[in-house]
Amino acid sequence: MNANKENPAIVMKSSDIREKFLDFFKQKGHKIVPSAPLVVKDDPTLMFTNAGMNQFKDYFLGTRKPEALRIADTQKCLRVSGKHNDLEEVGLDTYHHTMFEMLGNWSFGDYFKEEAIAWAWELLTEVYKLPKERLYATVFGGDKADQLTADEEARAIWQKFLPADRILDGSKKDNFWEMGDTGPCGPCSEIHIDLRSQEEIDQTPGAGLVNKDHPLVIEIWNLVFIQFNRLSDGSLQPLPQRHVDTGMGFERLAMAIQGKTSNYDTDVFSPLLQKLGELAGVQYGQDKQTDIAMRVVVDHIRAIAFAIADGQLPSNTGAGYVIRRILRRAVRYGFQFLGMKQPFMATLLPVLQEQFEGVFPELAAQADFIGQVITREEESFLRTLEQGLKRLNAITDELQRQGEKIITGKQAFELYDTFGFPFDLTSLIARERGFSVDESGFKKEMAKQKARSKQDAAKETGDWVILDDSTDVQFVGYEKLTAEARILRYRTLKQKGKELVQVVLDVTPFYAESGGQVGDTGYLEVGGEKIRVLDTKKENELIVHFVERLPADPSAPVKAVVDGDKRLKTVNNHSATHLMHAALRKVLGTHVEQRGSLVNDKMLRFDFSHFDKLSEEQIKQVEDLVNARIRANIPLEELRDVPLEEARKMGAMALFGEKYGEKVRVIVFDRDYSIELCGGTHVQATGQIGLFKIVSESSISAGVRRIEAVTGVAAEDFVWQQQQALAQVRASLKFPKDVSKAVATLVADKSKLEKELEKLKQQQVNALQNELAAKAQAHNGVQVIIEKISVPDGGALKNLAFALKKQVDNLFLVLAANINDKPQLAVAIADNLVQSHNLHAGNIVRDLARHIQGGGGGQPFFATAGGKEVEGLDQALAAARQLVQTF
C-alpha cells in the first residue's frame, strides 16, 4: 500500500515526513522545541526518556509554567527498562525498537479534543495522503471501578470524519493513559491503520484486529486528553486545567506512508541494513536468523550512539548498565549469526550521522568520541565472550567426565550474568555438543535476581499534602544561606524500612543536587523545633527537602538554614572543577569534554573524554595552571538569564546530554580562561579555594579518564600526609641525602636477594624431589607417593608436584604441607591413569580436604586444597592410602 495516490512511484522520504509534521503544527501556532536528552537527570521515577511528554511533566503537574501553550517536537525515546521493556523483543519481530522517535503536539490548558482530533485527521489524510478507508479510531469505553463513563465527546467528534463502525470502544488498558501509579491521566483516542492487502481486508475486516497485536493493523497516533489526577489511594481528582498530549511513532508512520510491511523496510533503517550487509557479506531478507541479527544490530546502534551522545557511557550500574546490555546484545548477535569476530559497530556511525544531520546534530559533533567508546566496549566484550566460551567448555568437560548431560540452571545463569551469554546461546552450544540446559532452573535464578532488584528499588511515596498550590519556588542560595520561608507542600517517603518527609518551601537557600554538585544539608527551624535537612534534590523543577520529620505545625513560619561549613567546602571544590576543566583542555587538547562529575564537601571527581593515561608531567601542568589561577584571586563573573545562543557565542562550554532552557546562567573565571554554563554554587573569588591537589588519575571506561582532587584544608592535609610518609621513609633509610636514589638501591638489593632466595628454595625442592622419587612404591602398576613434606610456600608445592609427575611414570601423588600454619594438599595423577583408572584429581582433593576443614579443586591431572585444621593432614594422607588400595 503506497499512501501517495497521485503518483505511487513517488515515496515520501522519512526526513520529509518529519519535516512536514513539524511544519504543520508550526502553522497551527505551536512552538517547535528540541528533543530532550535520552537520559533523564532530575526525575527519580525515570531512567530514560520513554515518551515525548517526559520533558513536559512539570507542566502537567503544575510545578512549572509552560514556555508556550502550544508545543510540538520530535523526541528521542528509549524503552528498555521498567514498565516499557522491549529489549528482548527487538529484532525477533519487525516492529519493536529500543530507541525510536516520537512525534508529538501538546496543549497546556489551551485547545482540547475538538482541535486535537481534527488536526490529526487533517495531517494524516490531507498532508500525508493516508487512505481514509483504512483508518480506525478508538475511544475510551468507560470503567466502572473508576466510575467513569465512555468518552462520548471524543466519539461525537470522530463521527465527523469516520463512520460509526470504524470508531471503536477501547478498554481502560488501551484507552486510558496514566503517567504512573499516581499523577496526571485521562482518556485517550488512538488512530490505527490497516496495512494489509485488499484481499486480506475483504476476507477479514480490520475492526476485529485493532489492538490485537496484528503486525499490519497498527496504532500510529495516540491522542491523550489529560483531565484527571490519580491519587495514591487510587481515586481520581479533576485537574484545574485540561491538556492534550499526543504521540506518534515516527518509524511506524514511515512504514504506513511508504507502503511497507515492516519498519525495517523503510528508509529509516534500510541504509543501515545495506551497510551492515556489506560488512557481514550477507543480504537482508534472505535468511530468517540472519535477518533477526541484522535488525538487532541496526536498532541497537541507534540507541547506543544517541545515549553516548547525550552523555551516558556504558558502565556496570544504572543507565550505563542498560546501555552496556544493549551494546553487548548487538555484539553477541553479530558474533553469533553474522560472523563478526572483530569490532564493527562504529563503522555504521557515518550512515547514522548522515540520516540525522540537521535533526540531532549531537551525533556529528561527537562522532570520533562515540566511535572510540563503542569500539573499546566491543573489544572488551569480545574478550569476555572468549572467557565465557572457556567457562562453558570447562562446564561441559566436567559434565562429560561425570557422565552427566544437563547444564544446571545455576551454571546457565552464571554464564548469562557474568559473561553475557543469553540462555539461547548457551542452549545452542550445548545442543551442538550433545548436552541440554535446565531452562526452568535458569528461569528461577532470573526470577530471584529480579526479585532482589525490585526489593532494593521498592519505595512508597505518599500524595502531596498541598498547603498552598503556588508553584513559584524562589531559590536564594546563590546570595545567602538562610531564608524565612513557609511550607507549600509535603509528603511521606518510605524506602528500605525508613520513613522520611519531603518538603517544598516557597523560598529556599538549599541547593538541590544537580550538575554533579550534591544537595545542601542543614536544618529547618519551625516554632522552636529544629528539624534536620538530610538532603536536597530536584524532582523535575521542584526543590525537594528531605527532612527527618514533619514539624508539629506545618503551616507555621520556617527559618531555613544551610550548613555553611559544608557549603563553603563544596563551592571551593565546584569552582576548582571549572578551573581544572579549563586546564585539562589547555594541557591535553580541546577534545577534552566533561563526562560526569561529583562535587561535595570532601573532594571533587571529574570524568572527561581522553584515551591515554596522564603522565606525571601533565598532572603537574594541570595543577600548576589551577593553582596559578587560585593565587591570581580571579573574581567570579556570574551572568544570569543569558540567551543560550548568546552564551554559546561567548564560548561558554555546554555539556552534552544536558537540557538547557532558552535562558542560561554563565559562570566565568577570566573570559580568556574558563566560561561554562552552570547552575551550581561558586566562590566569589578563586583565592578562597586556597590550594588544589590531584590525588588520583585513572580510567573508568573506554575513552574516559577520571581525576579525583582536593582543595583548601583537605589539600593541605593531603600534602602534610605525603610529607609525613616521606619523613618516615627518610628516617627508615637513616636520612640519606638523595631519598630517591636510596629507595632505588633498596629495591634493587631486595630484588637481588629474592632471586638468591628463589635459588635456595629451588635447590631445597630439587633435593626433596629426588628424595620423594626414591620413595615411590609400586601398586598394581601405579607408582604411589603419599607424603607429608616441608616447603616454603604454595608455589613450591605446585612446582614440586609437577616436577615429580614429569619424573615418575604412572604416578599417583598426594603431598601434604603445613605452610605458615595453614594446611595444604596437592594431588597429581599421570595423564594415562586419569583415563585408565577413571581418576580426577579435583574430586579426590575435595574429598581429602574434609579432613582439614577445607575445600579445593582443579583439573583431572592436578588439584590443590587448603583448610583450617593442620592436625587433619595425617588423616588426609591416611584416607589417600586407603584410596590407593582400590586401584
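This briefing walks through one buried residue, several strand pairings and two helices of the structure above. The model is predicted. Among its parts are an open sheet of three strands, an open sheet of six strands, and two hairpins that have strand 22 in common. Glu-101, a buried residue, is taken up before these elements.

**Glu-101 and its surroundings**

- Glu-101 belongs to strand 5, which covers residues 99-108, and its relative accessible area is 1%, so Glu-101 counts as buried, the cut-off being under 20%.
- The side chain of Glu-101 takes part in two polar contacts with other side chains, one with Arg-18 at 2.7 Å and one with Thr-74 at 2.6 Å.
- When neighbours within four places in sequence are set aside, the residues in contact with Glu-101 include Gln-75, Met-248, Gly-249, Phe-250 and Glu-251, as well as Phe-356 and Phe-360.

**The hairpins around strand 22**

- Strand 21 (residues 522-526) pairs with strand 22 (residues 529-539) in the antiparallel sense, over five bridges, and within this pairing Gly-522 stands opposite Val-533 of strand 22.
- Two residues separate strand 21 from strand 22 in their hairpin, and Gly-527, which lies in the turn, has a positive phi of about 55°.
- On to strand 23 (residues 542-547), strand 22 again pairs in the antiparallel sense, here over six bridges, with Asp-535 opposite Phe-546 of strand 23.
- The hairpin formed by strand 22 and strand 23 likewise has two residues between its strands, and Asn-540 in the turn takes a positive phi of about 60°.

**The three-stranded sheet**

- Strands 27, 28 and 29 form an open sheet in the order 27-28-29, and their pairing is antiparallel.
- Strand 27 (637-643) and strand 29 (674-677) are the edge strands, each of them pairing on one side only, and neighbouring strands of this sheet are turned by 25° against each other on average, direction ignored.
- Four bridges join strand 28 (residues 663-669) to strand 29 in the antiparallel sense, and Ile-667 has Glu-676 of strand 29 opposite to it.
- Helix 17 (residues 564-588) lies across strand 28 and strand 29, and the helix runs at about 115° to strand 29.

**Helix 20**

- Helix 20 (residues 712-732) has 21 residues and should span 30 Å at 1.5 Å a residue, which agrees with the 31 Å between its end C-alpha atoms.
- The residues Gly-712, Ala-715 and Phe-718 of helix 20 are buried, and they lie on the same side of the helix because they cover an arc of only 135° around the axis.
- An α-helix has 3.6 residues a turn, so residues three or four places apart point the same way.
- Val-713, Trp-720, Gln-728 and Ser-732 are exposed on the other side of helix 20, whereas the cover over its buried residues includes strand 30 (692-701) and strand 31 (704-711).
- Lys-734, just after helix 20, takes a positive phi of about 65°.

**The six-stranded sheet and its helices**

- A second open sheet has six strands in the order 32-33-34-35-37-36, and its pairing is mixed.
- Strand 32 (777-779) and strand 36 (855-858) have a single partner strand each, so one side of each of these edge strands is left without a neighbour in the sheet, while the twist from one strand to the next averages 20°.
- Strand 36 pairs with strand 37 in the antiparallel sense over four bridges, and Thr-864 in strand 37 is the bridge partner of Gly-857.
- Helix 24 (residues 841-849) packs on this sheet, where it touches strand 34, strand 35, strand 36 and strand 37, and its direction makes about 150° with that of strand 35.
- Helix 22 (residues 794-807) has 14 residues and reaches 20 Å from its first C-alpha to its last, close to the 20 Å expected at 1.5 Å a residue.
- Asp-793 caps the N-terminal end of helix 22, with a side-chain oxygen 3.2 Å from the backbone nitrogen of Gly-795.
- The buried residues of helix 22 are Ala-796, Leu-797, Leu-800, Ala-801, Leu-804 and Lys-805, and among the elements that cover them are helix 21 (739-774), strand 33 (782-789), strand 34 (811-819), strand 35 (822-829), helix 23 (831-836) and strand 37 (862-866).

Note on methods
Residues numbered from 1 in each chain as written. Predicted model: local features only at pLDDT ≥ 70, side-chain atom pairs only at ≥ 80, totals over all residues. Heavy atoms only, no water. Buried < 20%, exposed > 50% of the residue type's maximum accessible area, 1.4 Å probe, protein only. Polar contact = N/O pair within 3.5 Å; in protein donor to acceptor, adjacent residues only side chain to side chain. Contact = heavy atoms within 4.5 Å. Pairing = 2+ DSSP bridges. Axes fitted to C-alpha atoms, helices over the stretch in contact; angles between N-to-C directions. Expected span 1.5 Å × (residues − 1). Arc of directions from axis to C-beta.
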